[in-house]
Amino acid sequence: MELILFDVLNGLLLGVFYALMALGLSLILGLNRVINFAHGGFLALAGYLAYTLLPYIGFAGALIVAPLLAALLGVVVERLLIRPLYGRDPLFSLLLTFGLVLIMEDMIRTIWGAQGLPLQTPQFLQGALSQTYFFITGYRVLILVIAVTFAVGLLAFLRYTRVGLRILAGASDLDTVSALGVSIYQLRALSFAAGIFLAGIAGVLAAGWQGLSPQMGDSLIMPSFVAIIVGGVGSLLGSLLGGLLIGLASGITSAFYPQASELVIYIIMALVLAIRPRGLLGKESIFG
């Protein structure tokens, strides 16, 4: 029984990372109309930045500052490389971001080395909270709490702030928002930065759980796209639900047939597409 719960918890944690990634990807896709393959690269970069910052500002400081630095870099990338491609064939931005992730991985290898590195988490978070369920540690609980906090915070920001409402409106009808005098370039930059920030949070948390490697974003990027498809393209809630669903499915499958733990993700996607092509919560508008 403990082994099953262990795999389910691991699946839930994976689902949390998928959901954070998928939320950021959906945000960028919705307003910027960019399929950001470099999202995993920004995730890894934030993790390595946290590794460098941690001796100076501690884990809590690195958890905030590293994603902010990754988001700042994202703004620069959006301004210099992606903005000129708005309005053109989406294939151009897709190829650009695919090239970016290769550059970022090579840059990480050059600066921090190709070997994996551990990200030290606070000692008091490493202990088990239960003698029976030894795998429930303070750090794993912290991952869940932080992920829920940022996911709810993003949804609340979009629903209850003026800037958030403009992002939602822009995702549905960017021309009308522009005609009302709102700077769509600032909105797109903010949307891109927010998406990268979420990837950065996921990167630092994942590094504290499984360590750092230049390719750490590769294993998360495809399931995150699957989460968007399962949850419904254009629905942030759907992306959140899709990430948790495929993460839990993968964890439960690992308990009984580990070889199929990745395959089950794509089986779920195929079933959802066959039954409901828009995804579980997908709507015709960009954000539901």
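The points below go through the confidence of this predicted model, two helix pairs and two single residues.

1. Confidence comes before any detail, since this is a predicted model. The chain averages a pLDDT of 90, and 98% of the residues score at least 70. Confidence is highest in helix α2 (residues 39-82), at a mean of 96, and lowest in helix α6 (residues 174-179), where the mean is 85. As a general caution, predicted coordinates should not be read in detail where pLDDT is low.

2. Two packed helices are described by the angle between their axes and the distance between the axes. For helix α1 (residues 2-32) and helix α5 (residues 162-172), the axes come within 7 Å and cross at roughly 60 degrees. Angles of 65 to 115 degrees count as roughly perpendicular and those under 35 degrees as roughly parallel, and α1 and α5 are therefore oblique to each other.

3. Which residues bring α1 and α5 together? On the α1 side they are Leu27, Gly30 and Leu31, which meet Ile167, Gly170 and Ala171 of α5. Sorted by class, this contact between α1 and α5 has four nonpolar residues, two polar ones and no charged ones; a student who wonders about the glycines should know that Gly is counted as polar here.

4. The second pair is helix α9 (residues 236-256) with helix α10 (residues 263-275), whose axes lie 8 Å apart and which pack at an angle of about 135 degrees. That angle makes α9 oblique to α10, because only angles over 145 degrees count as roughly antiparallel. The crossing in which α9 passes α10 is right-handed.

5. In the contact between these helices, α9 contributes Leu245, Ile246, Ala249, Ser250 and Thr253, while α10 contributes Val264, Ile265 and Ile268. By class, the contact of α9 with α10 has six nonpolar residues and two polar residues, with no charged residue among them.

6. Arg33 deserves a careful look at its backbone, for this residue has a positive phi of about 60 degrees although it is not a glycine. Most residues other than glycine have a negative phi. Arg33 lies in the loop between α1 and α2, and its relative accessibility of 40% means that Arg33 counts as partly exposed.

7. Is Ala270, a residue of helix α10, buried, exposed or partly exposed? With a relative accessible area of 45%, Ala270 is partly exposed, because the exposed class begins over 50%. Ala270 and Val226 are 44 residues apart in sequence, and their C-alpha atoms are 9.8 Å apart in space.

Note on methods. Residues numbered from 1 in each chain as written. Predicted model: local features only at pLDDT ≥ 70, side-chain atom pairs only at ≥ 80, totals over all residues. Heavy atoms only, no water. Axes fitted to C-alpha atoms, helices over the stretch in contact; angles between N-to-C directions. Helix = DSSP H or I, 4+ residues; strand = E, 2+ residues; numbered from the N terminus. Left-handed = near helix turned anticlockwise from the far one by under 90°. Contact = heavy atoms within 4.5 Å. pLDDT = per-residue confidence, 0-100. Buried < 20%, exposed > 50% of the residue type's maximum accessible area, 1.4 Å probe, protein only.
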